[in-house]
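Visitor: I am new to this structure, and I would like a close look at the side chains that bring separate parts of the chain together. Please take me through the charged pairs and then the aromatic rings.

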Amino acid sequence: MYKLLIRPILFWFDPEDVHYFTFSLIRFINKIPFVSSIIKKIYQVEDASLEKELFGLRFKNPIGLAAGFDKDAKLFNELSNLGFGFIEIGTLTPKAQPGNPKKRLFRLKADSAIINRMGFNNGGVEDAVKRLKTNKDVLIGGNIGKNKVTPNENAVDDYKMCFNALFDYVDYFVVNVSSPNTPNLRALQDKEPLTNLLKDLQIENANHTKKKPILLKIAPDLTNEQLLDIIDIVAETKIDGIIATNTTISRDGLTSESKTEMGGLSGKPLTNRSTEVIRFLAEKSNKAFPIIGVGGIHTVEDALEKLEAGADLIQLYTGFIYEGPKLIKDINKALIKK
């Protein structure tokens, strides 16, 4: 029904407007008596074989929702009803910011892709915390970044502010230095500044009674030499894992009219490259750390390929938009069969 009826209607309208409309619709539907229970029965797949323990956390299944969809932690309970094993919120910044000027979100239907240049639009970390306090049993990741106006030399202060504000309300953290939509942010991926940033966050982590897992989200556009640097950085800073990968600035092989738009590309064109990065990190590190695989997962086969390449968990975003919630159920059922 989603692909034949709902998606064609939604895709007639501006993608950012549709995003907010869909949020309102999902929230409304879940408030109708018994509907959330029906949705859970349709989409949630529960089986002991799906459970995964990673960096001290128990995931009820290995399929998560990637950051960027529920930036402000407004819909994590309702989205979890669709079968996700975990939800990653953000990217959050210390202060609220509007993001980049509209139009900033583009569908590339011929390529089953999306280009976004949102620019960390969010209501600020403290606003998200108010809603996270209502969470009862959804496993939440907190994706954190810096405000656009914060210079890179002061970026660590922004990350620390978000880290401490969210600490009691998320289960793990993701350090986002790989978005192409905040000026100069990707410069923080260079070895020295990234090492210093992660070390400072680990110091903050140690100040708490019980440490929280810290992961790093990396760009798919890194060279093999830079990926080897990432392996060294994980070992030196003792962070808990890598999310591979964020959106790409590459436009290879695209056919859609919007391919010239600036921003990060996600969806099917990223499938192979994200898998290559996962496999490279897993092999070259001798699987020294957990990897969450994300990028271009539109089919069960895409998901299985990521896991076989070395991912311990996977996340959906663009594939969820194009394929609908049935994709989550199909992947979980395929994993049970395996």
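Guide: A residue is called buried when its relative accessible area is under 20%, exposed when that area is over 50%, and partly exposed in between. With a relative accessible area of 43%, Lys-103 is therefore partly exposed, and since the model is a predicted one, this value, like the others, is computed from predicted coordinates.

Let us begin with the charged side chains, where the count of salt bridges comes to 17. In one of them the side chain of Lys-103 meets that of Asp-14, with 3.9 Å from N to O. This pair links distant parts of the chain, for Asp-14 lies in the loop between α1 and α2 while Lys-103 lies in the loop between β4 and β5, 89 residues apart. Asp-14, at 26% relative accessibility, counts as partly exposed.

A further salt bridge is formed by the side chains of Arg-117 and Glu-261, at 3.0 Å from N to O. Arg-117 is in the loop between β6 and α5, and Glu-261 is in the loop between β10 and β11, so this pair ties together parts that are 144 residues apart in sequence. Glu-261 is partly exposed, because its relative accessible area is 25%.

Within helix α5, a salt bridge joins the side chains of Asp-127 and Arg-131, with 2.8 Å from N to O. Because these two residues are 4 residues apart in the helix, about one helical turn separates them. Asp-127 is partly exposed, with a relative accessible area of 24%, and Arg-131 counts as partly exposed at 22% relative accessibility. Elsewhere, Glu-16, Lys-102 and Arg-104 are joined into one network by salt bridges that share partners.

A charge can also meet a ring: the charged end of Lys-212 sits over the ring of Phe-167, at 4.5 Å from the ring's centre.

That brings us to the aromatic rings, for which the count of pairs comes to 12. Phe-23 and Phe-69 form a tilted pair, with 5.6 Å from centre to centre and 45° between the planes. Here too distant parts of the chain are linked, since Phe-23 belongs to helix α2 and Phe-69 to the loop between β3 and α4, 46 residues apart. Both Phe-23 and Phe-69 are buried.

In another pair, the rings of Phe-84 and Phe-320 have centres 5.2 Å apart and planes at 75°, so the arrangement is edge-to-face. Phe-84 is in the loop between α4 and β4, whereas Phe-320 is in helix α11, and the two are 236 residues apart. Phe-84 is buried, with a relative accessible area of 1%, and Phe-320, at 7%, is buried as well. These two pairs come together in one aromatic cluster, formed by Phe-23, Phe-69, Phe-84, Tyr-317 and Phe-320.

One last residue is worth a look: Ser-80, which is found in helix α4. Ser-80 is buried, its relative accessible area being 8%, and, leaving aside its neighbours within four places in sequence, Ser-80 is in contact with Gln-44, Ile-87 and Val-138.

Definitions and conventions. Residues are numbered from 1 along each chain as its sequence is written. This is a predicted model: local features need pLDDT of at least 70, side-chain atom pairs count only at pLDDT 80 or more; totals for chains, interfaces and linings use all residues. Side-chain values use heavy atoms; hydrogens and water are left out. Buried means under 20% relative accessible area, exposed over 50%, partly exposed in between (1.4 Å probe, protein chains only). Contact means heavy atoms within 4.5 Å. Rings of Phe, Tyr and Trp (its six-membered ring) pair if their centres lie within 6.5 Å; planes under 30 degrees apart count as stacked, over 60 as edge-to-face and the rest as tilted. A charge sits over a ring if NZ of Lys or CZ of Arg is within 6 Å of the ring centre and within 35 degrees of the ring normal. A salt bridge is a side-chain nitrogen of Lys or Arg within 4 Å of a carboxyl oxygen of Asp or Glu.
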